[in-house]
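Student: Please take one part of this model and go through it slowly with me, explaining each term when it first comes up. I would like to follow how the residues there are placed and which others they touch.

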Amino acid sequence: MLSLSLGYAGVWFILLLLLGVSIGTVFLHIGAYSSFVQMGIAIVQAMLVWFLFMNLRGSSVQVRLCAAAGLFWLIFLFTITFSDYLTRPWNGGLTPFSEQAARTGG
């Protein structure tokens with residue numbers, strides 16, 4: 001039991017260390033690669049939580065399937081959200097919902 005709690009404490013420490021690295025990358029001016037580095041760190045953190053805290057490594061097939069379905073659903077929701085975000089006219093042009101159209105009544 002003691003080795004199990006030390007394992008959890010070690011994983012927790014690694015997660016905190018990765019959190020510090022993630023915060024530290026904000027201050028590194030690496031340009032366009034910053035989001036890729038932070039996404040990589042987040043994926044490593046998620047995998048640590050999945051496999052070590054949730055014990056997916058030694059669980060049954062049904063539990064792994066439910067976890068994979070949850071991940072698929074999360075990816076689906078992010079896809080819908082970002083597809084809405086990427087299709088909006090952010091170029092500053094006149095849209096039907098802009099302030100000038102609201103003032104003129106058009």
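Tutor: Once its neighbours within four places in sequence are left aside, V11 is in contact with L48, L52 and F53, where contact stands for heavy atoms within 4.5 Å. The model is a predicted one, in which local features need pLDDT of at least 70 and side-chain atom pairs count only at pLDDT 80 or more, while totals for chains, interfaces and linings use all residues. Residues are numbered from 1 along each chain as its sequence is written, and side-chain values use heavy atoms, with hydrogens and water left out.

V11 also belongs to the largest nonpolar core, whose five residues are V11, L15, L18, I41 and L48; such a core is a set of buried Ala, Val, Leu, Ile, Met, Phe, Trp, Tyr and Cys residues joined through side-chain atoms within 4.5 Å. At least two residues of this core come from α1 (2–27), and at least two from α2 (33–53), the helices being DSSP runs of H or I with at least four residues, numbered from the N terminus. The helix that gives the most to this core is α1, with three residues.

One of the core residues, L18, has its place in helix α1, and L18 counts as buried because its relative accessibility is 18% (buried is under 20% relative accessible area, exposed is over 50%, and partly exposed lies in between, with a 1.4 Å probe and protein chains only). Apart from its neighbours within four places in sequence, L18 is in contact with I41, V44, Q45 and L48, and two of these partners, I41 and L48, are themselves listed in the core. The C-alpha atoms of L18 and Q38 are separated by 9.8 Å, although these residues stand 20 residues apart along the chain.

Now compare two other residues of the helix that holds L18. L16 lies in helix α1, but L16 counts as partly exposed because its relative accessibility is 38%. From L16 to Q45 there are 29 residues in sequence, and 9.4 Å in space, C-alpha to C-alpha. T25, which is also found in helix α1, counts as buried, because its relative accessibility is 5%. With neighbours within four places in sequence again set aside, T25 is in contact with S34, V37, Q38 and I41, and I41 is among the contacts of L18 as well.

Going on along the chain, we come to N55, which lies in the loop between α2 and α3. N55 has a phi near 55°, a positive value in a residue other than glycine. N55 counts as partly exposed because its relative accessible area is 42%.

Beyond that loop, helix α3 holds both W73 and F76, three residues apart, or about one turn of the helix. The structure holds three aromatic pairs, and W73 and F76 form a tilted one, with 5.4 Å from centre to centre and 35° between the planes. Rings of Phe, Tyr and Trp (its six-membered ring) pair if their centres lie within 6.5 Å, with planes under 30 degrees apart called stacked, over 60 edge-to-face, and the rest tilted. F76 is partly exposed, because its relative accessible area is 37%.
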